[in-house]
Amino acid sequence: MKQSQTGISIQPLPGAAAVRYACVSATDLRKICEETGAAKGTLQSIWACDERDRDGGFRLWVALADSYGLLLLELPMTAENPEYPDVSDLFPAAVRLQRANRDLFGVRVNGGDYRPWLRHAAWPEDVFPLRRDHPADTVYPEEADRYPFVRVTGEGVHEIAVGPVHAGTIEPGHFRFSVVGEKVLRLEERLGYVHKGIEKRFESFAIFEGQRLAARVSGDTAVAFSWAYCMALEGLCGTLPNQRALWLRALLLERERLANHLGDLGALGNDAGFAMGLVQFSRLKEDLLRTNARIFGARYPMDAVLPGGVAVDLSNSGRRELLNALTPLENEIAVLQGIYADHSGLQDRFVGTGRITSALAVQLGLQGLAGRASGQAGDLRCDHPCAPYDQLGVRRVILTAGDVAARVAVRFAEAQESMRLCRLILEGLPSGELLVPLQEPAINRPGIGWVEGWRGPVMVFLQATSDGRIRRCHPHDPSWQNWPVLEHAIIGNIVPDFPLINKSFNLSYSGVDL
Amino acid sequence: MGTVTLTAVLAQGTATVMAVLAAPLLLGWLNQCRAWLQNRSGPGLLQPYRQIRKLFHKDAVIASNASPLFRLVPYVELASMALAAAIIPTLWTRLPFAIAADSIALVGLFAMSRLFLALAAMDIGTAFGSLGARREMLVGFLAEPALLMVFFTTSLIAHSTSLPTIADGFAHQPFVLYPSLAFACVAFLMVLLAENARIPVDNPTTHLELTMIHEATVLEYSARHLALIEWSAALKLFNYVCIGLALFLPWGLAERPTDPTGLLLAVPALLLKLAVTGSGLALIETLNAKMRIFRAPEFLATAFLLAMLGLLVRLLLGS
């Protein structure tokens, strides 16, 4: 392996995800990041752990995705000076992760952007809520929040401040546009208005119940997060679920992808003033969700994936019902795709809007669905397929235009592919037990779950305590990578096109602010 | 014009009050048709009335830095639209008010109401108000010349700029096909869509602040002020449709208020024409997407060009 020339021992981690682990020094960390960046690897996540109760220091964890899978790096830091090397010059997505870790743990890089990211004056600057000695129920008095936005100056430049509260029922986020006339010169996002303390809350959960909270990290990605959590836990326990359970998980995940793509396709039509698209796609999505409710007991199956298997089964009649519903759905989506493609007004809004070139996508580390519309081939279901995707043969969808039209086209193609996968799963569903009993999880070992959710790769990092609780759980949503790219997508576009561009990414506010 | 009699004054009053009261019904019908065309059941014809009633029952919230102009504008809006309704022939053509203002004054009246709306939008000083005012004026200053050209074309045919006289002339003369009117009609339809913030120029149902044109100007209004604004917007749509009907489909209009039999035809004729036009507008809105805002000038330039062609056809070919 390439990194072995640095003399670091890299060992594979047990579990369904393709993960290698190494404990590194600060210089090695930087060196490996440089090598991974040069080899077209990407940053998956950066997070910290408070280990002062065990050995008096902090840990920084960096997960890099390369052609072998996930490379997990652990960097010990002292309690007195928890500093680590800045990697944001290699991976721009690291900026916000590094700022968030400073807000939550007080671990910091030398230099770089020092503004708070998740801390909205809801807690004082010298308080770090994710440290183990910080009581979870402390309430601090509200302070004035003076966040220094970057100002653009010049003749005729003015600012439009939007949000955090919007006119529609959507999640809160603040967008600061610097514009000349209708043209956008710069957009600066400010997120972090939905801080719920999920990562702290995990620490009070029994490890075999944490999937319930993981499923609620970002409601539209419930199956992917709960699967990733269970994958991490099963890795720690050294147990793999039965094939039937894995196939059912894949069925739920593909239905989640399908439901979100249908919702987005309708919303994209609506944001271009084409209400007919919204109505038709909403109907299809609603049918899908109601079928979920009838067959799996919940519209969004949040508690369907359990450690060791699944909580839901599929009877023969249910299987037939799902199979029979696929053909009409495929046909209706194909008809609507034709309408979208032939509608000159819609195409005029979609084509060329919010373009992210392949070169920019590489540079910024664009992931998932939006990445695949900008020539970034990454799809965990194809690159590092876990069961049952290794048996299903997922066809990768990849486009290079990088505009709203391309993201719409990727959604249409992935929706069709998801339906094909659903058919394969329903036709080939193996028999077997739904749940297998799990061993006790390994203590103080890292467990990783890595699943391709509908937005992109979802990762969960998990550590167990000796008394059956969660020591640390860090769920990572691909929106971390893609939100900063949105700031670039709007540059040079006009203000009224922002909602459309934003919707074409449809990133999670909750998933990046736990 | 005949002498002003008590009957005429009564008829004038009836026509104006009827327009003000019935205007939300047209909007309700349009929205209902849109819902049907989108396979939805729809909120019902009376939804705009329910909305207005709901808003009248709420407490108004006004920004602390609002000037008296901000409070005044909703009343100015409704009053100017009611005045316009008094000039536009809906049931009768020869009403006492008709001589007060001609079609050119009507364009001025619409411009004035837009000016006040833009001033009110900028009054609070929010980014969205100014944004909306800027966009509203962009659409307005491009739509006005096209509307004037439409009126010039019809005036050349009828030899009068007075709307009732034009309508009278078209309604009561032997049926003649004017190619120039076809151009003017299409141009007027485009102006109507732009001026009333309908798709494809604006989206009246959007919640996306950044894309709004008309809605952005009234974001700061609430309660009774918003009710008046919404009511006047409904009345504006009603007025525009009635102008279109008077110019291009004037048949069925009663001539004098003294003739009661004329009304027997005029009322059902108006209802039928409004229903057909409303569903036609709904169809246009359903089939189209909202265009990018910088396409609006092209759209309105096309309207102007068509109206101009109509005028030239009339002037040069005499048809």
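Two strands count as paired if DSSP finds at least two bridges between them. Strands (E, at least two residues) and helices (H or I, at least four) are DSSP runs, numbered from the N terminus. This is a predicted model, in which local features need pLDDT of at least 70 and side-chain atom pairs count only at pLDDT 80 or more, while totals for chains, interfaces and linings use all residues. Residues are numbered from 1 along each chain as its sequence is written, with chains lettered from A and ligands numbered from 1 in the order in which they are written.

**Exercise 1. Find the sheet that holds strand 9 of chain A, and describe its pairing.**

Step 1. Start with strand 9 (residues 174–180) of chain A: it pairs with strand 10 of chain A in the antiparallel sense, over seven bridges. Within this region, R176(A) sits opposite E188(A) of strand 10.

Step 2. Now widen the view. The strand order is 8-9-10 in chain A, an open sheet of three strands with antiparallel pairing. Strand 8 (157–162) and strand 10 (183–190) of chain A are the edge strands, each pairing on one side only.

Step 3. From one strand to the next, the twist averages 20 degrees.

**Exercise 2. Work out the order of the five-stranded sheet in chain A, and say which helices pack on it.**

Step 1. Reading across this open sheet of chain A gives 1-2-5-4-3, with mixed pairing. Its edges are strand 1 (11–12) and strand 3 (42–51) of chain A, each paired on one side only.

Step 2. Strand 4 (residues 57–66) and strand 5 (residues 69–78) of chain A are antiparallel partners over 10 bridges. A handy marker is R59(A), which stands opposite P76(A) in strand 5 of chain A.

Step 3. Add the helices, taking residues as touching if their C-beta atoms, placed from the backbone, lie within 7 Å. Helix 1 (residues 26–38) of chain A packs on the sheet and touches strands 4 and 5 of chain A, its direction making about 155 degrees with that of strand 5. Helix 3 (residues 94–105) of chain A also packs on the sheet, touching strand 3 and strand 4 of chain A, at about 10 degrees to the direction of strand 3. Angles run from 0 to 180 degrees between N-to-C directions, and axes are lines fitted to C-alpha atoms, for helices over the stretch in contact.

**Exercise 3. How do helix 7 and helix 15 of chain A pack?**

Step 1. Helix 7 (residues 243–271) and helix 15 (residues 404–428) of chain A have axes 9 Å apart and an angle of about 150 degrees.

Step 2. Helix 7 and helix 15 of chain A are therefore roughly antiparallel; angles over 145 degrees count as such, under 35 as roughly parallel, 65 to 115 as roughly perpendicular and the rest as oblique.

Step 3. The contact between these helices of chain A has 14 nonpolar, two polar and six charged residues. Here Ala, Val, Leu, Ile, Met, Phe, Trp, Tyr, Cys and Pro count as nonpolar, Asp, Glu, Lys and Arg as charged, and the others, Gly among them, as polar.

**Exercise 4. At what angle do helix 1 and helix 9 of chain B cross?**

Step 1. The axes of helix 1 (residues 6–37) and helix 9 (residues 223–248) of chain B cross at roughly 90 degrees and come within 8 Å. The two helices of chain B are therefore roughly perpendicular.

Step 2. In helix 1 of chain B, the residues in contact include A19(B) and L27(B), and helix 9 of chain B contributes W231(B) and F238(B), among others. This contact divides into 13 nonpolar, no polar and no charged residues.

How values were computed: Two residues are in contact if their C-beta atoms, placed from the backbone, lie within 7 Å.
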